[in-house]
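Me: Can you walk me through how the labels for this protein get decided? I'd like to see the reasoning behind each one.

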Amino acid sequence: MERKWWHEKVAYQIYPKSFYDSNGDGIGDIPGIISKLDYLKDLGVDIIWLSPCFCSPLADQGYDISDYYNIDPRFGAIEDIDRLLEEAKKRDMYILMDLVVNHCSDEHEWFVKACEDPQGEYGKFFYFEKGKEDGSAPNNWRSYFGGSVWDKIPGHEDENMYYLHMFHKKQPDLNWENPKLREEVYKMINWWLDKGLAGFRIDAIINIKKALPFEKYSYPADRPDGMVMPQRMLQDAEGIGEFLGEMHRRTFKLHDAFSVGEVFNVEDEDLPEFIGEDGYFSSMFDFNETIFGGSINGWYDAKMITPDDYKRCCFESQKQMGDFGYFSNIIENHDEPRGVSRYIPEGECTIRSKKLLGAMNFMLKGLPFIYQGQEIGMENVVLTSIDQVDDISTLDEYQVARNAGLSDEEALKAVNRFSRDNARTPMQWSAEDNAGFTEGTPWLYVNPNYTKINVEAQQSDRDSVLNWYRAMISLRKNPQYKETVVYGDTVPVLENVHNIMAYYRKSEDQTLLVIGNYQTGAQTVELPCTITKVLLDNTKADQSGEMELPAVKNGKLTLEGYQAIVAVVE
Ligand code: GLC
Ligand code: CA
């Protein structure tokens, strides 16, 4: 694998609306982000990915863009982005933005013009399609947020003409089959890269290729609504590589830009094309843990993941990656519940177990992306009513659960586990009002646990989750271990021992052991190696300085409940 500038970095995702509000309107903004750059720098972050802050009606919180060349006034102005780029550069930091080009907003000029004249040039920027003879939609695909992917073209409701939206009806899909549309997209990407962006995170990109013609691809229904999940058609949509390859050559490659794809379900044999040498993207997120247990019926039917499952998922991906490419690893993002609430069994979420989870994921091979608040161990919220929910996906899943016969209370509990709002509550900066996020009224409620879980309290506490993350990041950057942490192979150890997650990271002349006892009770394991130096140990308050070697008797090591150790071994 060819080495790249970004391999050894640490990345951090910001969800601008909930990060920091600088002007008291309750909405996080770009000046707010600028004012927290030093915090991020001090933590050890190099690359920052901003979720969308372009002009948007915010039907899907910015993933519905109405002007790709401008910043929504609620988040600031384009000059603020220029300033952010400058300030980041001063600190040797890199900014990524979110590339949302499977769809735009129905309020984008293109769509407005397309509806005015469906036969005209802009009509071809979208998928406008005749309904069936009986007037029903062209096929039975269900959108990701529920309901049909087809709606009548606004202004033409009495005609038998539909537009396609794989996501919300305010997110019409762009027609990538049209070369003119593709040119517009490339022009826009290059405009941003010329401005000084280091690259993009690429949203929902696997959806840009559709199985055509539409009417040929109705499928047997997978739910009582008569429709079929959108992922089904992706299996029959062939030829996405042509679009992705072209985009890569015409944009990212010219700038040596970094790109990370939001891609689900790529077949093993196709992976090298995606992120191998000269692949479509620099990297791709590993979602193996996040999709575990998912059910075709909806969130209410999903299986919870156990520590053994978690370990298996991580190892599967590490193996899948081999040595031709580099995954981007996450514990959570703005679409997922908080990792500590999901991957740590109920009732066992403590500072120590949060640190264990952090280490198990962070020490894997790949580029770590930390999601805002993860570094202080932010947790899921507890919903008491569906009226508290903002996220369109959660609202849909709640309805799905109710339709399946769950009571209000059961449905609420079921969606609470997976709601995207869990990750979108305001960042908890301090114990002051509204967690120090805003001086106004926050757009989404603050998790009441902010008085205990917040940045300020953790800064000065050596034993905090925040300082644990800081220590892990320092280890990744330490010249003595960097080669192994960044590039070393991952080799599972004690793979079949229940609730032990352990692996080596091996480079030519160094082996590190990462081992965690993923349960509350102590556990003794047979060590297949000798520990010569402990680098991190979450049972110790302080991670700096020389650390005591754990007691190993006859090759046996006893780990306390949720103890995690990173060590040099022979
Ligand atoms: C991606 C985004 C998600 C959004 C969807 C549609 O999955 O991460 O937040 O709702 O795409 O753009
Ligand atoms: Ca604001």
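Reply: Sure, here are some questions about labels, each settled by a value and a cut-off. This is a predicted model, where local features need pLDDT of at least 70, side-chain atom pairs count only at pLDDT 80 or more, and totals for chains, interfaces and linings use all residues. Residues are numbered from 1 along each chain as its sequence is written, chains are lettered from A and ligands numbered from 1 in the order in which they are written, and side-chain values use heavy atoms, with hydrogens and water left out.

Me: Why is aspartate 21 called buried?

Reply: Buried means under 20% relative accessible area, exposed means over 50%, and partly exposed is in between (1.4 Å probe, protein chains only). Aspartate 21 has 4%, so it's buried.

Me: And what makes aspartate 25 partly exposed?

Reply: Its relative accessible area is 37%, so aspartate 25 gets the in-between label.

Me: How do you know which residues coordinate the calcium ion (ligand 2)?

Reply: Donors are N, O and S atoms within 2.8 Å of the metal, or 3.2 Å for Na, K and Ca; water is not among the atoms, so sites may look incomplete. Asp21 (OD), Asn23 (OD1), Asp25 (OD), Ile27 (O) and Asp29 (OD) sit at 2.2 to 2.3 Å, so they count as donors. Along the sequence, these donor residues follow the spacing D-x1-N-x1-D-x1-I-x1-D.

Me: Why is glutamate 439 called exposed?

Reply: Because its relative accessible area is 82%, and the label needs over 50%. Glutamate 439 also belongs to a surface patch of negative charge, together with Glu432, Asp433 and Glu456. Patch members have over 30% relative accessible area and no salt bridge; like charges are joined within 9 Å, and nonpolar side chains (Val, Leu, Ile, Met, Phe, Trp, Tyr) within 5 Å. A salt bridge is a side-chain nitrogen of Lys or Arg within 4 Å of a carboxyl oxygen of Asp or Glu.

Me: What makes asparagine 554 and tyrosine 562 worth pointing out?

Reply: Most residues other than glycine have a negative phi. Asparagine 554 has a positive phi of about 50°, and tyrosine 562 has one near 55°. Asparagine 554 is exposed because its relative accessibility is 78%, while tyrosine 562 is buried because its value is 3%.

Me: Which residues does a cis peptide bond join?

Reply: Leucine 212 and proline 213, with omega about -5°. Most peptide bonds are trans.

How values were computed:
Areas by Shrake-Rupley, 256 points an atom, 1.4 Å probe, with all protein chains shown as cover. Lys, Arg positive; Asp, Glu negative; His and termini not counted. Charge placed at Lys NZ, Arg CZ, Asp CG, Glu CD.
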